[in-house]
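Here is a short set of exercises to work through with the model open in your viewer. Try each task yourself before reading its solution.

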Amino acid sequence: LACLDRVGDRALADVRGKTAVVSFGLQHGPDVRHTTLSDMPEVKKKLGADGKNHTDQNILSAEIRYDMGFGTLTVIPSYVKTKIDYKTYSNGLIFGNTTDASQFSMEARLTSNGEGPLNYTFGAYYTREKQDAFQYNTQSTGYALLVTPNFISKNYAFFGELTYALSDALRISGGLRYTNESKTQDGYTT
């Protein structure tokens, strides 16, 4: 890689490990302001830390079963915690995302032991998800996009199924499920 600056030709090795501002193409117009070396302290302040991609995710889950004699009680709790912090550069733009998200869910169900002509499953389910995010896209003229969704989703459900064996070859089954879900989000885009 070689580029021409006001001093002459430079190679990539000349700027490796150093802060450099590279401009491509021809820009003109009354609103265009070219970066100069006197702007560098302000440019570095706006850029902050160099590019990064940090993602931490913790997942906890279990399945607990208890034989109650007439049926089996199964409980499945789960929790996921995610943190994302990244910044990247592309085509003169800076893209960044800082997200803190969590999700909790719990399912409990009672299932018959399979003895006799009547078998059943009854249960309940609950989940809650929360996400707080700050996403941005900047360029030399300032913020081009700013999004901050604060998302919360809650869901609960009850379900049941009955199966009755009329004979060894013929069964009749029926089931119901009730679900209630709510989602909220606030934020803005500029």
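The exercises below deal with strand pairing, burial and side-chain contacts.

This is a predicted model, in which local features need pLDDT of at least 70, side-chain atom pairs count only at pLDDT 80 or more, and totals for chains, interfaces and linings use all residues. Residues are numbered from 1 along each chain as its sequence is written, and side-chain values use heavy atoms, with hydrogens and water left out.

**Exercise 1. Find how strands β9 and β10 pair, and how many residues lie between them.**

Step 1. Start with the terms: strands are DSSP runs of E with at least two residues, numbered from the N terminus. Two strands pair if DSSP finds at least two bridges between them.

Step 2. Locate β9 at residues 150–165 and β10 at residues 171–186; the two run antiparallel and share 16 bridges. For one of these pairings, look at asparagine 150, whose bridge partner in β10 is aspartate 186.

Step 3. Now follow the chain from one strand to the other: five residues separate β9 from β10 in this hairpin.

**Exercise 2. Decide whether serine 153 is buried or exposed, and list what it touches.**

Step 1. Apply the cut-offs: buried is under 20% relative accessible area, exposed is over 50%, and partly exposed is in between (1.4 Å probe, protein chains only).

Step 2. Serine 153 belongs to strand β9. Its relative accessible area is 8%, so serine 153 is buried.

Step 3. Contact means heavy atoms within 4.5 Å. Leaving out residues up to four places away in sequence, serine 153 touches Thr127, Arg128, Glu129, Glu181, Ser182 and Lys183.

**Exercise 3. Describe the surroundings of asparagine 97 and alanine 101.**

Step 1. Asparagine 97 sits in strand β6, as does alanine 101, with β6 covering residues 93–112.

Step 2. Asparagine 97 is buried because its relative accessibility is 10%. Alanine 101 also counts as buried, at 16%.

Step 3. Setting aside residues up to four places away in sequence, asparagine 97 touches Ile84, Asp85, Tyr86, Phe134, Gln135 and Tyr136. With that exclusion, the contacts of alanine 101 are Val80, Lys81, Thr82, Lys130 and Gln131.

Step 4. Check a distance too: alanine 101 and isoleucine 152 are 51 residues apart in sequence, and their C-alpha atoms are 9.7 Å apart.

**Exercise 4. Examine the salt bridges, and work out which parts the lysine 81 pair ties together.**

Step 1. The rule asks for a side-chain nitrogen of Lys or Arg within 4 Å of a carboxyl oxygen of Asp or Glu. Counting this way gives six salt bridges.

Step 2. One of them joins lysine 81 to aspartate 100, with the closest N and O atoms 2.7 Å apart. Because lysine 81 lies in strand β5 (residues 71–90) and aspartate 100 in strand β6, this pair ties together parts that are 19 residues apart in sequence. Lysine 81 is partly exposed at 23%, and aspartate 100 is partly exposed at 29%.

Step 3. Next, take aspartate 132 and lysine 130, whose closest N and O atoms are 2.9 Å apart in their salt bridge. Aspartate 132 is partly exposed at 29%; lysine 130 is also partly exposed, at 29%.

Step 4. Finish with lysine 183 and glutamate 181, which form a salt bridge with a closest N to O distance of 3.6 Å. Lysine 183 is exposed at 54%, whereas glutamate 181 is partly exposed at 47%.

Terms used
Helices (H or I, at least four residues) and strands (E, at least two) are DSSP runs, numbered from the N terminus.
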